[in-house]
Amino acid sequence: MDRPVLFYDGECGLCHRFVSFVLDNEPEPFFQFAPLGGDTFKESFTEEEIDAFPDSLILMTTEGETLTLSDAAVYAMKTLSPGWCRVGTVMGVFPKILRDFGYRCVAAVRRMIFKKPEGACPLVAPELRQRFLM
């Protein structure tokens with residue numbers, strides 16, 4: 001792949017907001033996006049890998065490395081504008097076990113706090129749609 005792919009839960013309001021946040025804060029187009037469960041997701045991973053993944057953001061780097069939970073979020077944050085890149089760098093200093101604990105706590109309540117987006121998730125401007133894979 002020529003760009004990292006950020007796989008997201010298309011029925012999660014928080015995931016929708018994170019994808020929109022990334023799009024709004026990229027210095028230049030960097031990521032492609034694809035929904036969990038979509039064709040790109042199913043073609044990128046084996047069924048055993050899919051079954052083992054958490055219900056969460058999953059990021060595949062251009063080198064083919066798969067990142068989940070807080071590692072995916074930190075990687076994404078480090079690609080954004082300078083201020084958000086610093087936030088990602090600071091987040092990355094914390095031990096993975098602590099970052100993942102915090103990530104899992106938020107993930108456990110995300111559907112109660114962030115309502116499901118209406119229509120396609122995420123809703124994006126037509127000029128950005130080519131960056132979304134199915």
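The largest pocket in this predicted model has a volume of about 480 Å³. Which residues sit closest to its centre? Of the 19 that line the pocket, those are Leu14, Phe18, Leu57, Ala73 and Tyr103. If you have the structure open, those five are a good place to put your cursor.

Now for the walls. Helix 1 (13–25), helix 4 (69–77), helix 5 (82–93) and helix 6 (96–113) each give two or more residues to the lining. Helix 6 provides the largest share, with 6 residues. As for chemistry, the lining of this pocket counts 13 nonpolar residues, along with 3 polar and 3 charged ones.

Let me stay with two of those helices, 4 and 6, and how they meet. Their axes come within 8 Å and cross at roughly 95°. Angles of 65 to 115 degrees count as roughly perpendicular, and helix 4 and helix 6 are therefore roughly perpendicular to each other. On the helix 4 side, the contact is made by Leu69, Ser70, Asp71, Ala73 and Val74. Helix 6 answers with Lys96, Arg99, Asp100, Tyr103 and Arg104. You may recognise Ala73 and Tyr103 here, since both were also among the residues closest to the pocket centre. What is the mix of classes in this contact? There are 5 charged residues, 4 nonpolar and 1 polar.

Let's zoom out to the whole chain, then. We have 6 helices and 4 strands, and from the N terminus on the order reads β-α-β-α-α-β-β-α-α-α. Along the principal axes, the C-alpha trace spans about 35 × 35 × 35 Å. How does the radius of gyration fit with a compact globule? For 134 residues, such a globule would have a value near 14 Å, and the chain has 14 Å, so the two agree.

Technical notes
Residues are numbered from 1 along each chain as its sequence is written. This is a predicted model: local features need pLDDT of at least 70, side-chain atom pairs count only at pLDDT 80 or more; totals for chains, interfaces and linings use all residues. Side-chain values use heavy atoms; hydrogens and water are left out. On a 1 Å grid over the protein atoms alone, a cavity is a set of points where a 1.4 Å probe fits but cannot get out, and a pocket is an open set with protein on both sides within 12 Å along at least five of seven lines; lining residues have an atom within 4 Å of a point. Grid points are joined across faces, edges and corners, and a volume is the space filled by probe spheres set on the points. Ala, Val, Leu, Ile, Met, Phe, Trp, Tyr, Cys and Pro count as nonpolar, Asp, Glu, Lys and Arg as charged, and the others, Gly among them, as polar. Axes are lines fitted to C-alpha atoms, for helices over the stretch in contact, and angles run from 0 to 180 degrees between N-to-C directions. Angles under 35 degrees count as roughly parallel, over 145 as roughly antiparallel, 65 to 115 as roughly perpendicular and the rest as oblique. Contact means heavy atoms within 4.5 Å. The radius of gyration is taken over C-alpha atoms; the globule rule is 2.2 Å times the number of residues to the power 0.38.
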